[in-house]
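User: I'm new to this one and would like a quick tour. Could you show it to me and take a few questions?

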There are 2 protein chains.
Amino acid sequence: MARQGSRSRPPTMADVARLAQVSPQTVSRVLNDYAFIRPDTRDRVLQAIDVLDYRPNQAARTLATSRSRTIGVVATDYLSYGPAAALWGVERAAGEAGYGVSIVSLRESNHRAFTEAMQRLVGQSVEGIVMIAPQDQSTHEVFDAFDNVPVVTLSSFETGEHKPIMLDSAEGSRIATRHLVELGHTVIAHLSGPPRFTVSEERVRGWREVLAETGLAAPEPVVGDWTAESGYLVGRELAADRHVTAVYAANDRMAQGLLLALHEAGRRVPQDVSVVGFDDVPEAAYMIPPLTTVRQDFAALGRRCIEAVLALIGNEPRLEPDPLVPTLVVRESSGPAPR
Amino acid sequence: MARQGSRSRPPTMADVARLAQVSPQTVSRVLNDYAFIRPDTRDRVLQAIDVLDYRPNQAARTLATSRSRTIGVVATDYLSYGPAAALWGVERAAGEAGYGVSIVSLRESNHRAFTEAMQRLVGQSVEGIVMIAPQDQSTHEVFDAFDNVPVVTLSSFETGEHKPIMLDSAEGSRIATRHLVELGHTVIAHLSGPPRFTVSEERVRGWREVLAETGLAAPEPVVGDWTAESGYLVGRELAADRHVTAVYAANDRMAQGLLLALHEAGRRVPQDVSVVGFDDVPEAAYMIPPLTTVRQDFAALGRRCIEAVLALIGNEPRLEPDPLVPTLVVRESSGPAPR
DNA sequence: GCGCAGTTTGAGAGCGCTAACAATGGCCGC
DNA sequence: GCGGCCATTGTTAGCGCTCTCAAACTGCGC
């Protein structure tokens with residue numbers, strides 16, 4: 001574990017080989033866990049590696065093997081909890097599998113930006129790409145254009161080969177809505193995410209299904225854009241409608257904005273209005289009142305993404321695990337319907 | 001912009017050269033903006049590149065030049081807003097400078113984990129490293145062991161060559177505390193971050209300074225761990241103390257927990273107690289009540305980190321810009337002291 | 001008409017590693 | 001005591017790019 005001189009050329013495999021009195025190839029074999037190496041040779045090599053503080057040059061390795069041991073991630077927004085947590089899970093799972101993670105974020109999510117991001121990653125010869133970004137039809141065309149690198153998407157509709165690894169958003173919605181139904185609510189509004197995004201639509205779908213099953217009327221969802229601000233703004237209208245006694249928000253941040261709007265309108269939660277969110281962000285338990293919400297296991301999601309890309313990289317049959325089912329976390333923002 | 005056949009070998013520079021009827025070296029020159037190329041030769045090459053959808057192999061480039069055009073980022077936690085925003089800024093600034101970003105996160109922040117993370121990045125031959133992680137003495141020893149790659153840290157104390165790029169936390173504290181002083185508060189508590197972290201200590205320092213200047217007593221800070229939960233737990237004690245009419249929390253999440261604790265204790269904000277946070281997370285404006293807080297420009301911070309590493313990479317003299325001064329955002333959680 | 005500076009292109013070597021093949025030596029059975 | 005097999009190591013040739021050096025060509029002044 002020697003310290004290197006300041007900015008000196010790092011040692012190469014040849015240096016190690018010389019010191020250990022073997023050929024470079026033998027060093028390479030030791031590094032790659034080749035089976036037939038005499039134990040004492042291996043030891044000599046390992047010791048030389050240690051003495052020189054040698055670390056293999058990834059670029060050379062990549063060039064020689066055309067395997068970069070790197071996964072690319074394209075994200076639109078990891079300032080929000082969901083994407084960030086997914087990124088976290090992906091990065092962690094990748095690390096455990098011996099892969100590094102290279103990340104590119106998009107400012108806008110249009111065709112050109114996607115293409116650019118993908119090109120960038122492909123140029124870094126990533127072995128696979130995980131998309132943590134909302135998608136629509138046009139982005140899928142982009143994936144198709146990059147058909148020599150496996151792409152795994154994280155929530156989107158299914159087209160062609162690109163099946164998404166996703167949480168069962170619709171099921172989460174059903175759970176949330178059912179909870180409100182069971183509490184006796186009959187007018188259950190939905191504060192949805194922006195249309196044309198699969199996650200939004202899935203959540204709308206689940207909510208509609210339960211209302212239909214139960215024979216309740218399904219009003220048009222009120223549309224937000226995932227931000228607390230939008231939750232607050234459309235929440236004010238919701239707050240003004242005295243018929244509404246329960247709102248299921250498509251994520252916790254909008255729910256938070258909604259809580260403020262209800263508070264300002266003098267409507268008590270949960271006595272007058274029940275609120276249920278989605279995500280279980282760390283702050284959910286500390287909102288006023290603590291938010292009932294649907295918890296998603298983002299870490300597991302990330303793990304699955306990595307499993308899926310690695311499978312694709314290894315040309316293994318694509319595994320189709322059951323979607324991850326979210327769970328309901330009941331806190332204080334939901335209660336029996338008033339009468 | 002031809003589509004490639006499924007999983008075929010991507011085109012190389014030689015392919016482009018052949019098609020354009022020039023030598024590979026000329027293609028390389030076109031790619032690297034070499035000045036003396038006849039315009040029509042350049043056009044032929046560019047066209048060939050376009051036709052083949054050629055993209056240079058980064059690994060080969062890195063190997064030949066030993067420049068990877070990649071910056072490594074070590075982060076402990078980018079699920080919190082601050083680190084995530086900083087990462088965002090770094091990644092964005094890096095992208096603009098033509099650099100990619102490779103990220104490694106740490107589960108624990110001990111010596112070994114740091115070393116491992118650094119090794120990993122060095123192995124990917126990153127040209128520089130940005131640390132988005134709390135540091136203490138031991139981590140600095142790690143940096144010193146990697147003295148052939150420039151490291152920029154983002155908040156930590158200064159030791160040796162490793163001066164941190166940071167926001168002026170102490171000044172932020174002063175601004176927040178002064179605001180409360182000006183509102184007439186005389187008992188101003190501080191809900192601090194965990195000790196031994198520079199950011200925490202800086203913030204404690206700024207708060208102490210203003211109290212000292214003003215001749216107010218400085219109680220011991222109440223210690224949290226940045227989470228809303230800790231804010232809530234220690235907040236309950238704070239709420240029980242009727243003398244306290246103002247609390248300055250070292251971040252917004254703890255402030256959120258505190259707000260809940262105060263609410264549950266029946267203490268009104270801001271009529272009975274004023275609360276000021278730090279960070280201006282996107283949700284701050286939608287807490288109950290909307291939180292007065294200190295805004296940090298994380299994007300600028302990220303930009304500066306990249307500027308700093310790039311300077312170090314280019315062996316330019318280290319620039320020492322003024323620390324970024326945060327600004328106060330007054331909302332509804334702070335008001336005149338009751339009497 | 002010749003030399004020279006400057007422009008434009010190409011040839012050869014090498015970055016650090018691994019894949020493929022070849023070579024060595026030891027041990028076995030007969 | 002010899003062929004054959006296996007364990008163990010070495011040799012050679014790239015991976016795709018850029019560096020350095022050198023060649024060819026242009027136009028200019030004298």
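Analyst: Sure, one term to begin with: helices (H or I, at least four residues) and strands (E, at least two) are DSSP runs, numbered from the N terminus. This is a predicted model, where local features need pLDDT of at least 70, side-chain atom pairs count only at pLDDT 80 or more, and totals for chains, interfaces and linings use all residues. Residues are numbered from 1 along each chain as its sequence is written, chains are lettered from A and ligands numbered from 1 in the order in which they are written, and side-chain values use heavy atoms, with hydrogens and water left out.

User: Which element gives the most to the surface near DNA strand D?

Analyst: Here, "near" means that a heavy atom of the residue lies within 4 Å of the strand. In all, 24 residues surround DNA strand D, with Tyr54(B) among the closest. Four residues come from the top contributor, which is H4(B).

User: How far is the polar side-chain atom of Thr41(A) from a phosphate oxygen of DNA strand D?

Analyst: A polar contact is a pair of N or O atoms within 3.5 Å. Met13(B) has a backbone N or O atom 2.4 Å from a phosphate oxygen of that strand. For the side chain of Thr41(A), the distance is 2.5 Å.

User: Which strands stand at the edges of the sheet?

Analyst: Strands pair if DSSP finds at least two bridges between them. Eight strands make an open sheet with mixed pairing. Two of them have a single partner each, so one side of each lacks a neighbour in the sheet: S4 (151-153) of chain A and S4 (151-153) of chain B.

Note on methods: A polar contact is a pair of N or O atoms within 3.5 Å; within protein, one must be able to donate a hydrogen and the other to accept it, and residues adjacent in sequence count only if both atoms are side-chain atoms.
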